[in-house]
Every structure is written in C-alpha cells, then in structure tokens.
Amino acid sequence: MSAMVGLNIVIAAILGFLALLCAVASLALRRNEPLAWLAAALGVGTTQTLIVTFAPGTPLEFISAMVMAPLGFWLANSAIHAMMSEKRWRRAFNLAFAGLCAIAVALFAVGAPFFYQVLFVQLACCLAMIDAGLRIVSRLRWRVLDTSLLISVCILALLRIARLPLLVWYFGPGIEFTGFNGSSMELALLAGESFLTLGIITLVISAIIADTIETFRLQSERDGLTGLLNRRAFDALAGVTAARGGAVIFCDIDHFKQVNDRFGHQVGDEVICAFASVMARTGYQAGRIGGEEFALLLPGMFMQEALDVAEMIRTRFHAGDISEMPAGTRVSASFGVAGFAGGTPPSSAFDRADAALYRAKHEGRNRVCADLDGSGHYGAKDLLTA
C-alpha cells in the first residue's frame, strides 16, 4: 500500500506540474482555449489523486470518485473539441453526458445500490472518451501526433469500457464502494489508466503546441484578408532557384481607388477577395504583394501557357459578379507576364513582368501583356462600368 501511496504522490505531482504549465502556456498564447480546458482537467485529476491518496475510505473519496472523475473526463473532452475546432454534436454530447450524470445523482439521492450509481458514472466517462475519439477521427490529418493520440484515446476508452462488464460479472449488484474502489482489479485498471493518461496529456500538449506554431507560421506567411501568400513569403518563395524555367504573372485591379471611393472600403475588400479567389483556383502559388497588386508563380510553364492562364483569370474576374455592387457592374484587372530560364529564380523575371503590367495599364487596362518582342495583347479596353 505504501508503494501505491508513493506512486499516487508522484502522479499527483506530475499532473499538478502539467496543469500549471498548461495554465501558464494558455495565458502566454493569448488564452489558448485547448490548453485552458486541459489545465482545468489536470487540476481536477491532481485533486482527485490527492484525495484518493490521503483520504481513503472516507465520504470525500466517494464524492471524488462519483463527481470529480466524470468532471475530469468532461474537461478533457472539451480540450479535444477545442483543439479540433469541432462544434458539431457538442450540444448533443453535453446533453447525453449530463443526463447520465443526473441519473447517477438521482440514484444516490434515493439511496439506490452503489452498483447502479457507479454504472451510470462509468457510462458517462466512456461516452466522453468515445466522443473524443470520434472528434479526433473527424479532423484526422494523419500526422504522427494525431494518430498516436487517437490510438491512445481508443486504448483508454477500452480500459474505461472494460469496467462495465467487470461491474456486472466480476463484482455484481451487491458490491459496495469500499469493495469496488479497493479491489486489486480496480487498482490495476487505475494504474494502467494513470500512465496512459500521462501519455495522452503529453500528446495533447504536443499537438496543441504544434498547431499553435503552425498557426503563427501561417499568420506570418499569409495575407490576413485573402489567405494568399504575403509579400515577404512570396519573395522568399520566388527567390529559390528553379531547376526548370517558368513564368511569372503580375496583376493589378483596374481603377481600384474608384471602387473604394464609389462603393466603400468594405466592397473594395470584397473585390480583392473575389480576385484572390480566382487566383487561388489556378492551383499555383499566388501572393498579394500590395494593396490591389497580385502575383502568380508558374514554374515549368511555357510563355504561351502562362499567357493563357493570365487570360483565363482576366476573363473570369471580369465576368464575375460582386454581391455588394449593383447588377451589371464589372471590375477588370491588367496583367503582365514574363518568363525565367531554368537555373534562375523566378524573382529574376519580376522587373520584366512589372514592366509588362505597366504597359497593359498604359495601353488601356483589362488586358494581358507579355514580355516578348512584339508583345502579345489580349482583351480590350473596358474600364469600371455600371
């Protein structure tokens, strides 16, 4: 028993340290929600472990087993939901979980046998673990972290589910709390769950940290309005030497200041997003390099193919409707295309693409100009009309 007490103290110390670590990390990361839920779950687990260690056989231990255990599972489930940004079925789960806990409380209030009380508590805990596993599966990205977390959660759920047949077949309806909680079978299950839980906690913290780092990386590389690469990220990508040649497209929304002045900046943002959407659908790396200026990298593409891509973007954007603008209003864009040779970075073509774009603007806008002798022209003069 002394060895078990010592083990519980070590587990409580680890859980308490992790709870404090998650709480501090949550505050440092601007109140990171998954870490906050996990810190609360770890705090409950720490408290329950200390009660089991220093108040065995007391009513306090009974309350901790019947109340704190399902609470800890619910908090851990909430951390998984927040980490996966999963909102579906959350209300249904909460209602089902609360219903099982309410039945357990009602059975306790009417003095029903302990067997039936703990049965519904175990069902609530099992539901929390199964739901957490389903949430992970729904957003599984097949990373090592996600897969390991799913496997660990499934094993813990199976261990928790194993308690149900044990209650029915091993203990029977006449079991009391002291007989159940102090049994060798229950202690073995608790020991296994404790070590597995520590592993799950480590995986959850690692996954949250990895997701947070990825979020900050995307925020540093992506334009906040359109989701395209920002200027810094686009320049870095274009600065890498390409083994094969290719082309660069520079483009600019025509008379964008008139759009803002006439319809307002909110409509202007919608126009920018509409153009960015057309760019993104090409499947190539696109960037917003200025207010209404964009660029597209086309590695391995011949000049004529690049001109066709630019023309396709021009046509689709000009034909598209902007929901906040009057019906029939059209906005256009101008394009400059330049090629780069194999063994050179795409950025080597930037000045020439920019010069071709300037020529497209000078010659009437809403057209494609190429950096070629006897430059090809596509499209026709067609300014903002309504």
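**Close-up 1. Helices α11 and α12 meet through a set of side chains in this predicted model.** On the α11 side, look for Val 271, Ala 274, Phe 275, Val 278 and Met 279. Their partners in α12 are Ile 313, Arg 316 and Phe 317. Sorted by class, this contact has 7 nonpolar residues, 1 charged residue and no polar ones.

**Close-up 2. Here is the geometry of the packing between α11 and α12.** Helix α11 spans residues 265-280, and helix α12 covers residues 303-319. Their axes lie 10 Å apart and form an angle of about 145°. The handedness of this crossing is right-handed.

**Close-up 3. Ile 130, Leu 134, Leu 158 and Ile 161 make a nonpolar patch on the surface.** The patch has an area of about 350 Å². Two helices, α5 (114-138) and α6 (144-171), each contribute at least two of its residues. If you would like a place to start, Leu 158 sits in helix α6.

**Close-up 4. Arg 288 and Asp 223 form a salt bridge.** The closest N and O atoms of the pair are 3.3 Å apart. Arg 288 belongs to strand β2 (residues 286-288), while Asp 223 is in the loop between α8 (184-221) and α9 (231-238). With their positions 65 residues apart in numbering, the pair links distant parts of the chain. For context, the structure holds 9 salt bridges.

Terms used. Residues numbered from 1 in each chain as written. Predicted model: local features only at pLDDT ≥ 70, side-chain atom pairs only at ≥ 80, totals over all residues. Heavy atoms only, no water. Axes fitted to C-alpha atoms, helices over the stretch in contact; angles between N-to-C directions. Helix = DSSP H or I, 4+ residues; strand = E, 2+ residues; numbered from the N terminus. Left-handed = near helix turned anticlockwise from the far one by under 90°. Contact = heavy atoms within 4.5 Å. Nonpolar A, V, L, I, M, F, W, Y, C, P; charged D, E, K, R; others polar. Patch = residues over 30% accessible without salt bridge, like charges linked within 9 Å, V, L, I, M, F, W, Y side chains within 5 Å. Areas by Shrake-Rupley, 256 points an atom, 1.4 Å probe, with all protein chains shown as cover. Salt bridge = Lys/Arg side-chain N within 4 Å of Asp/Glu carboxyl O.
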